There are 2 protein chains.
Amino acid sequence: MQISSRFSVAVHVLTLLAAAVPGELLTSDRMAGSVNTNPVVIRRILGQLKQAGLVEVRAAAGGTYLRRDPATLTLLDVYRAVEAAEPQLFSIHEHPNPHCLVGRTIQAVLDSTLQRAQTALEQELAATTLAQVLAGVREPVS
Amino acid sequence: MQISSRFSVAVHVLTLLAAAVPGELLTSDRMAGSVNTNPVVIRRILGQLKQAGLVEVRAAAGGTYLRRDPATLTLLDVYRAVEAAEPQLFSIHEHPNPHCLVGRTIQAVLDSTLQRAQTALEQELAATTLAQVLAGVREPVS
DNA sequence: CTTATTGTAACAATGTTTGTTACAATTGGT
DNA sequence: ACCAATTGTAACAAACATTGTTACAATAAG
């Protein structure tokens with residue numbers, strides 16, 4: 001199963017915020033216009049980003065601004081903020097037969113192995129900053 | 001969203017096959033007993049492993065045996081067999097606003113970045129063989 | 001030919017995602 | 001103090017994937 005587009009939407013939103021004039025606040029309506037979705041979808045994601053301390057949201061006049069330096073905000077921060085409810089990327093079947101050698105031990109073996117794979121992915125996400133994404137957006141592909 | 005347990009079940013099943021006496025065939029019923037699920041679930045996964053050339057399934061008397069050397073069969077082979085319908089791990093939102101600089105370019109930027117992350121995960125999966133999993137199952141944790 | 005087994009369809013239950021409407025709560029500006 | 005814009009959140013629907021289940025035709029070993 002694929003990782004939900006919440007993550008890519010969150011990166012999109014943060015890129016908009018990073019591209020904003022310093023001090024400018026963006027509304028969920030405006031960001032929804034760029035992502036092309038419903039403002040409530042944006043607000044739900046903003047709630048998660050806010051909880052993770054990545055953004056500050058002001059009701060009433062204005063909206064949201066970045067709380068972190070794009071140069072040190074990595075895609076791993078975003079991923080963790082948005083997938084906080086599912087810290088384990090891989091799901092492992094729950095009740096293998098304990099009377100079978102394989103059934104008894106497979107969970108532990110898989111758990112350590114798949115954790116290594118997840119860590120490899122996360123390290124790669126940690127290697128990309130929001131500033132780099134913004135630079136990529138601004139540079140034409142040529 | 002998590003990667004489905006089809007993958008961990010597939011590894012479990014292949015470990016059972018690798019642990020079998022050479023020439024022994026295992027039925028879906030027997031493997032379902034070890035995984036603790038319904039035999040049809042096992043058969044569905046076996047169908048995918050068969051299509052990928054990892055196992056040979058014989059109707060009637062017997063069942064399934066391994067077609068690949070456990071020493072060279074990696075978890076990436078299993079992952080690809082079972083997730084063949086979803087080659088992209090990350091999903092990216094589909095219709096960002098083309099009139100916005102960020103909306104116009106975010107997909108391409110994310111695509112290359114997330115592809116690198118997926119590749120890192122896959123390399124880690126490729127680094128573990130079925131033989132290593134089997135060894136892990138046999139070695140007590142101590 | 002018999003019998004065990006696979007392959008597959010069909011269906012239900014569950015859970016997640018995404019989009020939507022609606023509205024109370026908040027707060028900045030006047 | 002009030003107004004108006006905006007957020008926060010609940011509630012719901014549609015779509016989809018997963019997992020488990022029953023049922024049965026197709027297959028092939030002995």
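**Protein contacts with DNA strand C, chain symmetry and the nonpolar core**

In this predicted model, a polar side-chain atom of T37(A) lies 2.6 Å from a phosphate oxygen of DNA strand C, a polar contact being a pair of N or O atoms within 3.5 Å; within protein, one must be able to donate a hydrogen and the other to accept it, and residues adjacent in sequence count only if both atoms are side-chain atoms. Because the model is predicted, local features need pLDDT of at least 70 and side-chain atom pairs pLDDT 80 or more, whereas totals for chains, interfaces and linings use all residues. Residues are numbered from 1 along each chain as its sequence is written, chains are lettered from A and ligands numbered from 1 in the order in which they are written, and side-chain values use heavy atoms, without hydrogens and water.

**DNA strand C**

- A base nitrogen of DNA strand C is 2.7 Å from an N or O atom in the side chain of R44(A), and a polar side-chain atom of R44(B) lies 3.5 Å from a base nitrogen of this strand.
- Two elements give two or more residues each to the surface near DNA strand C, namely α3 (39-51) of chain A and α3 (39-51) of chain B; helices are DSSP runs of H or I with at least four residues, strands are runs of E with at least two, and both are numbered from the N terminus.
- The most is given by α3(B), with four residues.
- Around DNA strand C there are 24 residues, of which S5(A), R6(A), T37(A), K50(B) and A60(B) come nearest; a residue is near if one of its heavy atoms lies within 4 Å.
- Sugar or phosphate accounts for 59% of the atoms of DNA strand C within 4 Å of the protein, and bases for the rest.

**Relation of the chains**

- A turn of 180 degrees and a shift of 0.0 Å along the axis lay chain B on chain A with an RMSD of 0.0 Å, superposed by least squares on C-alpha atoms of residues with pLDDT of at least 70 in both.
- This is the relation of a two-fold axis.
- L121(B) comes closest to the rotation axis among the residues of chain B, with its C-alpha at 2.5 Å.

**Buried helix α4(B)**

- Helix α4 (residues 75-82) of chain B is largely enclosed by the rest of the structure, because six of its eight residues are buried (under 20% relative accessible area, with exposed over 50% and partly exposed in between; 1.4 Å probe, protein chains only).
- The buried residues are L75(B), L76(B), V78(B), Y79(B), A81(B) and V82(B).
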